[in-house]
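Welcome! Let us take a walk through this structure together, one part after another.

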Amino acid sequence: MALPMLRGCYRVPSTFSFTRLYLSESIILNRSGKTRLPSQSAGAVAVAVRPYSSGPGRQQQKQSVVIVSIPNPFAWIRTRIYYFLIRAYFDKEFNIEEFTEGAKQAFSHVSRLLSQCQFEALEGLVAKDLIGKLEGKCSLLPSSHKKALSAASDEIMFTKPEDVGIYYDDNGRKFVCILMRFWYLTSARLPEDNMAGIHIFQVAFKKDGDTETQRVLTANYEFQREFTQGVTPDWTITRIEYSKLLD
């Protein structure tokens, strides 16, 4: 089975670094559209509240969080070289924007199955050896942590390629791997003591006097595709990491 929207890993390690979230304070977004930002977040994260009209005579406040990332220019150039090599030698139709959109859909779908412990449904999407490891880890998770694994499409705030690799094995098989990082919102109740050591960005939405707090968590999914002639051109997830959730 092919991953949603993905047609598509060999590894020459490369590093792609970009601005990370270093926030533990809360940001309050209220109906007036005013935002209070922690002082240390300047330059790393921007939070915006976007109003819109939902119909004649009605005004509705849509509240959203926008992350502004400043990538390392050398890493940016390096990854562009890898994209060029992929198009030149493996897949002339490869497009990182289309891949990223497909990866987001795959992440949303697989994370939901993982949260619901539907491991049989992961076959064909996730590497077989990884499914077994995930099943063992998820069986030990409390329900709140399982819920936090899932990310609906509209909860994914930001997606970035973190690493790209091209490699050959001893048998001449060719692979391309792309490691994607996802930032997503979750309303799961996670105990603070279990999240020690992770930078958590809490967003509190105020509406009619009630406050709903959500957290921004991150997940890393590695997508691998074999480009050996005669092999089915499908991407497979070969690595899944959730900081402090699936250690």
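A good place to begin is helix α3, but keep in mind that what you are looking at is a predicted model. The buried residues of α3 are covered by surroundings that include helix α2 (96-115), helix α4 (143-149) and strand β8 (235-242). Which residues of α3 are buried? Within this helix, which spans residues 128-138, they are Leu130, Ile131, Leu134 and Cys138. Looking down the axis of α3, you would find these buried residues within an arc of 105°, so they line one face of the helix. The spacing has a simple background: an α-helix has 3.6 residues a turn, so residues three or four places apart point the same way. Turn to the other side of α3 and you meet Lys128, Asp129 and Lys133, which are exposed.

Now let us step back to the whole chain. It has 4 helices and 8 strands. Reading along the sequence, you pass through them in the pattern β-β-β-α-α-α-α-β-β-β-β-β. The chain has 247 residues, and buried ones make up 45% of them. About 13,200 Å² of the chain is exposed, with carbon and sulfur atoms supplying 49% of that area.

How confident is the predictor in this picture? The average pLDDT of the chain is 74, and 63% of the residues score at least 70. Two stretches call for some care as you read. Over residues 7-55 the pLDDT stays under 50, and the model has 174 contacts beyond four places in sequence for this stretch. Residues 58-62 also stay under a pLDDT of 50, and here the model has 14 contacts beyond four places in sequence.

Next, have a look at the surface. Trp76, Ile77 and Ile81 together make a nonpolar surface patch of about 300 Å². One of these residues, Ile77, sits in helix α1, which covers residues 73-89. Ile77 has a relative accessibility of 47%, so it counts as partly exposed.

From nonpolar side chains we can move on to charged ones. Side chains of opposite charge can pair when their charged atoms come close. How many salt bridges does a search of the whole structure find? The search finds 6.

One of them joins Arg181 and Glu162, whose closest N and O atoms are 3.1 Å apart. This pair links distant parts of the chain, with Arg181 in strand β5 (residues 174-186) and Glu162 in strand β4 (residues 156-168), 19 residues apart. Are these two partners buried or exposed? Arg181 has a relative accessible area of 13%, so it is buried. Glu162 has a relative accessibility of 17% and therefore counts as buried. In both cases the value lies under the 20% that marks a buried residue.

Glu162 is worth another moment, as it brings us back towards an earlier part of the sequence. Its C-alpha atom is separated by 9.1 Å from that of Thr79, although Glu162 and Thr79 are 83 residues apart along the chain.

A further salt bridge is formed by the side chains of Asp169 and Arg173, with an N to O distance of 3.6 Å. Asp169 is partly exposed because its relative accessibility is 24%, and Arg173, at 34%, also counts as partly exposed. These two belong to a wider arrangement: Asp169, Arg173 and Glu226 are linked in a network of salt bridges.

Arg239 and Glu241 form another salt bridge, and their closest N and O atoms lie 3.0 Å apart. Arg239 counts as partly exposed at 30% relative accessibility, while Glu241 is partly exposed with a relative accessible area of 31%.

Our last stop is a detail of the backbone. Most residues other than glycine have a negative phi, and most peptide bonds are trans. Cys117, however, has a phi near 55°, a positive value in a residue other than glycine. Where is Cys117 found? Look in the loop between α2 and α3, which leads you back to the helix where this tour began. The relative accessible area of Cys117 is 27%, so this residue is partly exposed.

Terms used. Residues numbered from 1 in each chain as written. Predicted model: local features only at pLDDT ≥ 70, side-chain atom pairs only at ≥ 80, totals over all residues. Heavy atoms only, no water. Buried < 20%, exposed > 50% of the residue type's maximum accessible area, 1.4 Å probe, protein only. Helix = DSSP H or I, 4+ residues; strand = E, 2+ residues; numbered from the N terminus. Arc of directions from axis to C-beta. Contact = heavy atoms within 4.5 Å. pLDDT = per-residue confidence, 0-100. Patch = residues over 30% accessible without salt bridge, like charges linked within 9 Å, V, L, I, M, F, W, Y side chains within 5 Å. Areas by Shrake-Rupley, 256 points an atom, 1.4 Å probe, with all protein chains shown as cover. Salt bridge = Lys/Arg side-chain N within 4 Å of Asp/Glu carboxyl O.
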